[in-house]
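Student: I have a structure open and would like to talk through parts of it with you. Shall we begin?

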Amino acid sequence: MTRIVHFLLHVPKCAGTTVEAHFETYLGPYFAYAPRWENVLRNVLGNRYHRREVSDYAEILAVSGHSLSQGMSALFPRADIRPSVLLRDPVGYLLSFYNYRWTRHSEGWGAEPPPFERWYASQRRNPISRFLMNRYFEVGVPTLYRFSSAGRLAFLEKRLADFHFVGSYRHAGEMIAGISDELGIADTVANRNVTPVKKLIAADLSIEMRRRIERDNVLDQALFDRWADRKWSGVPEGPPPDLPTNDQASYMTGDALSGIRKKLIA
């Protein structure tokens, strides 16, 4: 019988902690976190799993973590790898990330975060699509800048079509329950929100600010709109939206500026 291994991608601020806590609890030693490759070239080359033995993962049924990449499949020879991922809209993602920073501040993790609009100016645009391409699909930073917004969406849609589950973070419970049934473990889900106190909610943002976020992150918005309710199978209906086809240089410039702004508000 073909061995099945679930790859549970943990996109930041997309219910990944809830997913990981569930499978770590009910799978125990049969669950693993993808090891982080501590190398300055990590974002250039993608994750690598040097010095990892196939035998170390012989009993593993599910893997997760921010460092998970498709290259880890080499540790599961001849297995049927079933990747699943939860996504989030740009406004929700950025608010959750900002609130997380406030939580960390209250725990003594550094300087008080700046006002939202100033903090937002230091963030990369389309962070979820970037995370997927760079972290899981191992598209190195130099190569990443060759892709326009339209090219990034096409790249991701082609690959997400083969995923086991793709959907909104609001479908986390359904994803967990379905995969749990496949694995023969309990499917009762306990929410593990790492940001219980919210400094800001969507209603606190002006209409202009919300529109600015959606405009700046049109790729991530399109990705979410098209895949939020896909769930277990199929591809989005209809053609993708018209996204920029020659904005590669703006990604490089925007990333450089966000890096500088992060230094200024740190």
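Student: Which helix gives the most to the lining of the second largest pocket?

Tutor: Happy to help, and do keep in mind that this is a predicted model. The elements that give two or more residues to the lining of this pocket are helix 9 (207-216) and helix 11. The top contributor, with 6 residues, is helix 11.

Student: How do the residues of that lining divide into nonpolar, polar and charged?

Tutor: The pocket has a volume of about 200 Å³, and 14 residues line it. Lying nearest its centre are Ala 121, Gln 123, Arg 125, Gly 254 and Arg 261. The lining as a whole divides into 3 nonpolar, 5 polar and 6 charged residues.

Student: Is Thr 245 buried or exposed?

Tutor: Thr 245 sits in the loop between helix 10 and helix 11. The cut-off for exposed is over 50% relative accessible area. Because Thr 245 has 56% relative accessibility, it counts as exposed.

Student: What separation do the C-alpha atoms of Thr 245 and Arg 152 have?

Tutor: Leaving aside neighbours within four places in sequence, Thr 245 is in contact with Ser 148 and Ala 150. Arg 152 is one of the buried residues of helix 7. Thr 245 and Arg 152 are 93 residues apart along the chain, and their C-alpha atoms are separated by 9.6 Å.

Student: How far does helix 7 reach from its first C-alpha to its last?

Tutor: Helix 7 covers residues 149-160, which is 12 residues. At 1.5 Å a residue, 16 Å is expected, and the reach is close to that. From first C-alpha to last, helix 7 reaches 16 Å.

Methods: Residues are numbered from 1 along each chain as its sequence is written. This is a predicted model: local features need pLDDT of at least 70, side-chain atom pairs count only at pLDDT 80 or more; totals for chains, interfaces and linings use all residues. Side-chain values use heavy atoms; hydrogens and water are left out. Helices (H or I, at least four residues) and strands (E, at least two) are DSSP runs, numbered from the N terminus. The expected span of a helix is 1.5 Å times one less than its number of residues. Buried means under 20% relative accessible area, exposed over 50%, partly exposed in between (1.4 Å probe, protein chains only). On a 1 Å grid over the protein atoms alone, a cavity is a set of points where a 1.4 Å probe fits but cannot get out, and a pocket is an open set with protein on both sides within 12 Å along at least five of seven lines; lining residues have an atom within 4 Å of a point. Grid points are joined across faces, edges and corners, and a volume is the space filled by probe spheres set on the points. Ala, Val, Leu, Ile, Met, Phe, Trp, Tyr, Cys and Pro count as nonpolar, Asp, Glu, Lys and Arg as charged, and the others, Gly among them, as polar. Contact means heavy atoms within 4.5 Å.
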